[in-house]
Amino acid sequence: MNAWRVEALLGAAAQPFRGDHTSAIAKQPLDGPVLIHREGLTGDEQADRTVHGGPEKAVHCYPLDHHAAWRDMLGLHPLLEDPGAFGSNLAIRGLSETDVHIGDRFRFGGALIELCQPRQPCWKIEHRFDQKRMVAHILQTGCCGFYFRVLEEGHTQAGDMLERVETGHEEWSVARVFETLFGLGSKPSPDDIAALLKLDCLAEELKASIARKFT
């Protein structure tokens with residue numbers, strides 16, 4: 001399958017979150033045509049720009065299909081009825097980390113976006129849901145979500161198709177990258193680290209992090 005319907009485009013303004021922290025994780029549907037630009041979606045913010053947002057984290061997708069597994073773990077949590085529960089900008093079904101690769105390019109309305117890295121889970125997910133062990137569960141299962149950079153800016157809206165127009169590094173699905181770098185298994189091999197550092201489409205900030213940690 002190479003095209004998926006986007007059920008909703010989502011964004012949020014930064015709000016008080018915990019103590020002195022702020023967050024824009026509570027994404028809500030954006031109405032009408034939305035401009036996707038180099039830094040993300042018009043109408044969306046990122047509170048902590050040191051770890052969120054920027055050109056290589058411009059658009060975030062967290063697959064809606066993961067919500068069913070979260071219900072098995074958390075029960076009928078009301079946030080799981082919300083398509084933006086995990087801070088996602090795109091609400092899509094039928095697409096997961098095993099289906100997409102670093103460097104895949106997608107036409108989405110008038111925009112062209114390129115997948116460039118998995119999402120690393122952070123503590124704000126557990127605080128938002130008021131549930132412990134969620135980060136560990138993501139590390140164990142690989143239900144992480146992923147980020148796109150924007151190659152061509154353009155307008156799009158809910159109901160448009162996300163169409164894969166070019167497949168990137170087929171040997172490096174998002175699932176494999178996440179498991180290699182962040183999974184709870186064995187330490188990545190030197191060959192895998194070398195291969196990741198050579199991926200031209202992998203986010204440069206992530207490459208720098210890999211080099212610091214593993215070389």
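## A hairpin to start with

In the hairpin built from E9 and E10, two residues sit between the strands, and Gly109 there takes a positive phi near 60°. Keep in mind that this is a predicted model. Strand E9 covers residues 105-108, and strand E10 covers residues 111-118. The two run antiparallel and are joined by four bridges. Phe108 of E9 has Ala111 as its bridge partner in E10.

E9 has another partner too: four bridges join it to strand E13 (residues 161-166), again antiparallel. On that side, Phe108 is bridged to Leu162 of E13. As for its faces, E9 has Phe106 and Phe108 on the covered one, while Arg105 and Arg107 are on the uncovered one.

## The chain as a whole

Zooming out, the chain holds six helices and 13 strands. Its radius of gyration is 16 Å, close to the 17 Å from the globule rule for 215 residues, so the chain is as compact as a globular protein of that length. The C-alpha trace spans about 45 × 40 × 35 Å along its principal axes.

Of the 215 residues, 51% count as buried. The accessible surface adds up to about 10,000 Å², and carbon and sulfur atoms own 49% of that. Contacts reach far along the sequence: taking those between residues at least 6 apart, 74% join residues at least 24 apart.

## A three-stranded sheet

Strands of a sheet pair through backbone hydrogen bonds, either parallel or antiparallel. Here, one open sheet has three strands in the order E6-E5-E12, with antiparallel pairing. Strand E6 (40-41) and strand E12 (154-156) are the edges, each pairing on one side only.

Strand E5 takes in residues 34-37, and two bridges tie it to E6. One residue match to look at is His37, whose bridge partner in E6 is Gly40.

## Rings and a charge

A pair of aromatic rings is described by the distance of the centres and the angle of the planes. Searching the whole structure turns up seven aromatic pairs. One of them is Phe86 with Phe129, a tilted pair at 5.0 Å centre to centre with 35° between the planes. This pair links distant parts of the chain, 43 residues apart: Phe86 comes from the loop between helix H1 (66-74) and strand E8 (90-92), and Phe129 from helix H2 (residues 123-129). Both Phe86 and Phe129 are buried.

Elsewhere, ring pairs link Trp4, Phe106, Phe146 and Phe148 into a cluster. Phe106 is a residue we have already met, on the covered face of E9. There is also a charge over a ring: Arg176 lies over the face of Trp172, at 3.6 Å from the ring centre.

## Who surrounds Phe86?

Back to the loop between H1 and E8, where Phe86 has its place. Its relative accessible area is 1%, and with the cut-off for buried at under 20%, Phe86 is therefore buried. Which residues is Phe86 in contact with, leaving aside its neighbours within four places in sequence? The list is Ile25, His60, Tyr62, His67, Trp70, Leu80, Arg119, Ile125, Phe129 and Met134.

Phe129 in that list is the ring partner described above. His60, also in contact with Phe86, is 26 residues from it in sequence, and the C-alpha atoms of the two are 9.6 Å apart.

## Helices H3 and H4

Met134, one of the contacts of Phe86, belongs to helix H3 (residues 134-141). The buried residues of H3 are Met134, Val135, His137, Ile138 and Leu139. They pack against H1, H2 and helix H4 (174-182). An α-helix has 3.6 residues a turn, so residues three or four places apart point the same way. After H3 comes Gly142, with a positive phi near 80°.

In H4, Leu181 is worth a look. Leu181 has a relative accessible area of 7%, so it counts as buried. Not counting residues up to four places away in sequence, Leu181 touches Ile193, Leu196, Leu206, Ile210, Lys213 and Phe214. Pro118 is 63 residues from Leu181 along the chain, and 9.9 Å separates their C-alpha atoms.

Technical notes
Residues numbered from 1 in each chain as written. Predicted model: local features only at pLDDT ≥ 70, side-chain atom pairs only at ≥ 80, totals over all residues. Heavy atoms only, no water. Phe/Tyr/Trp six-rings, centres within 6.5 Å; stacked < 30°, edge-to-face > 60°. Buried < 20%, exposed > 50% of the residue type's maximum accessible area, 1.4 Å probe, protein only. Lys NZ or Arg CZ within 6 Å of the ring centre and 35° of its normal. Rg over C-alpha atoms; globule rule 2.2 N^0.38 Å. Contact = heavy atoms within 4.5 Å. Areas by Shrake-Rupley, 256 points an atom, 1.4 Å probe, with all protein chains shown as cover. Pairing = 2+ DSSP bridges.
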